[in-house]
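Please open the model in your viewer with the backbone drawn as a cartoon and the chains coloured separately. The tour below goes from one selection to the next.

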There are 4 protein chains.
Amino acid sequence: MYIHSTKVRVRYGETDQMGYVYYGNYAEYYEVARVEMLRSLGMDYASMERTGVMMPVLELNCKYIKPALYDQEITIKTTVAELPGVRIYFKYELFNEAEELINIGATTLVFVDMVKNKPCLPPEDFMEKMRGFFD
Amino acid sequence: MYIHSTKVRVRYGETDQMGYVYYGNYAEYYEVARVEMLRSLGMDYASMERTGVMMPVLELNCKYIKPALYDQEITIKTTVAELPGVRIYFKYELFNEAEELINIGATTLVFVDMVKNKPCLPPEDFMEKMRGFFD
Amino acid sequence: MYIHSTKVRVRYGETDQMGYVYYGNYAEYYEVARVEMLRSLGMDYASMERTGVMMPVLELNCKYIKPALYDQEITIKTTVAELPGVRIYFKYELFNEAEELINIGATTLVFVDMVKNKPCLPPEDFMEKMRGFFD
Amino acid sequence: MYIHSTKVRVRYGETDQMGYVYYGNYAEYYEVARVEMLRSLGMDYASMERTGVMMPVLELNCKYIKPALYDQEITIKTTVAELPGVRIYFKYELFNEAEELINIGATTLVFVDMVKNKPCLPPEDFMEKMRGFFD
């Protein structure tokens with residue numbers, strides 16, 4: 001199991017007229033969280049794409065428990081609970097500044113060889129790092 | 001059961017550097033689809049909010065089957081399969097111009113009395129219309 | 001001079017907690033307006049990009065006169081007042097349902113040969129059509 | 001004159017299929033920059049709105065010099081060159097990691113008394129701080 005924490009601050013443009021973060025904008029928070037998680041493992045998604053491997057999203061699930069509000073600093077706890085293969089599963093728990101759990105998310109992504117346009121295994125150096133967390 | 005169809009055209013700003021619609025932007029397509037569905041039943045969400053009832057989203061699920069691409073006209077088939085109560089469940093099926101199913105979504109929304117800040121039943125005229133589809 | 005009109009309906013996700021369309025979202029309305037304008041002249045931006053010509057934006061100007069509100073149908077009047085060369089200038093006037101002018105925009109775009117990564121002239125069939133409006 | 005610097009990292013969802021940050025998304029970067037600038041002066045925009053003063057945007061100008069790319073850390077240098085009155089003018093200069101100037105922006109905002117729905121002067125404690133920079 002690998003757990004990582006990131007913070008995002010709610011932007012004005014991310015709120016809607018209810019005064020809440022628009023429900024579609026959490027996907028971008030999850031993206032920030034998983035990219036920072038990968039970076040914390042020495043895996044830079046931008047360079048991975050340049051070497052021909054991309055990670056499109058296959059599935060997204062969100063539960064909205066409490067609204068996120070403008071200018072709040074949201075803490076995102078990201079968990080990879082299973083050793084990744086062709087697919088990688090991320091779970092996200094979002095907390096507001098009062099440390100209340102406000103949102104739960106999950107995404108499934110697939111590693112894709114951009115030349116063959118087919119699913120592929122993750123880069124070996126990334127797998128090596130990940131294995132360290134699943135002994 | 002009530003089924004309704006809407007079309008949205010993919011905007012350039014909705015794509016990302018994979019050349020696909022960004023996974024977070026489908027939520028907005030679902031929003032357009034359900035608002036148009038409600039309108040087709042004579043229920044105007046904007047006026048409903050002005051009368052003090054709002055419908056925040058409790059849950060969102062998306063399956064990404066094939067990418068949606070820039071400038072494609074996407075058809076969204078929206079289904080309400082259960083008579084709504086305090087909660088209303090929408091299902092979405094998205095088709096590209098080749099009539100391929102590219103995305104499946106589901107959302108749970110709750111009717112909220114904005115003054116009491118509590119869940120409430122849907123407006124009665126809306127329920128009356130809905131009942132006609134669930135005999 | 002060539003003038004064209006398009007409509008967009010304000011989405012919930014485009015509003016912010018002021019209850020107005022977020023100021024950054026007008027750029028996407030302008031995009032929709034100019035793409036539909038080009039389409040009305042038989043020029044399909046998506047296919048143009050596939051043939052290796054893209055049109056990045058060089059400059060954007062917006063004046064916010066009155067707010068656009070959720071669910072309003074906004075009419076965008078798009079004007080090309082000068083025969084395009086390597087650059088093309090669009091002006092936008094946005095009207096709400098009460099036909100009030102609510103927003104004025106302008107963008108400068110450049111035609112770019114994607115292989116050479118250099119500015120280029122617009123496709124000849126497009127220029128031919130445009131010349132008809134500038135006699 | 002008051003100058004302040006902020007950083008934003010480009011999110012995947014902010015790019016478009018050109019592989020650049022979509023031209024409409026810079027407005028949100030400017031928003032982040034000016035809010036952080038105000039915060040650096042002890043002025044919290046979120047609380048200001050709660051006390052009944054909001055700052056809608058009247059005008060936006062952007063010049064796109066070089067594209068911002070996915071995952072780049074962009075530095076935004078924000079300048080207030082004139083002592084604010086009812087209106088406040090912000091200028092933005094964006095630099096990529098190679099310290100190249102990639103974008104220039106400007107916005108005009110107005111202080112609005114939300115109860116009277118009329119322009120008003122900025123909060124006095126903010127003006128006091130600002131005056132220190134304009135002697």
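In this predicted model, begin by selecting strand E7 (residues 112-113) of chain D together with E2(D), for two bridges join these strands, which run antiparallel. Within this pair, show the side chain of D:Val53 and then that of D:Asp113 in E7(D), since the one stands opposite the other.

Now add E8 of chain D to the selection, and an open sheet of three strands appears in the order E2-E7-E8, with antiparallel pairing. Strand E2 (53-54) and strand E8 (118-119) of chain D stand at the edges, and because each has a single partner strand, one side of each is left without a neighbour in the sheet.

Next, hide chain D and select chains B and C, where 10 residues of chain B are in contact with 10 residues of chain C. On the side of chain B that touches chain C, the elements that give two or more residues are helix H1 (26-40) and helix H2 (45-50) of chain B, and H1(B) gives the most, with three residues. If you colour this side of chain B by residue class, you will find five nonpolar residues, one polar and four charged.

With both chains still shown, superpose chain B on chain C: a rotation of 180 degrees with 0.0 Å of shift along its axis does this, at an RMSD of 0.0 Å. The two copies are therefore related as by a two-fold rotation axis, and in chain B the C-alpha nearest that axis belongs to B:Val8, 5.4 Å from it. Finally, 100% of the interface residues of chain B are also interface residues in chain C, so the copies meet through the same surface.

How values were computed. Residues numbered from 1 in each chain as written. Chains lettered and ligands numbered in written order. Predicted model: local features only at pLDDT ≥ 70, side-chain atom pairs only at ≥ 80, totals over all residues. Contact = placed C-beta atoms within 7 Å. Helix = DSSP H or I, 4+ residues; strand = E, 2+ residues; numbered from the N terminus. Nonpolar A, V, L, I, M, F, W, Y, C, P; charged D, E, K, R; others polar. Pairing = 2+ DSSP bridges. Least-squares fit on C-alpha atoms with pLDDT ≥ 70 in both.
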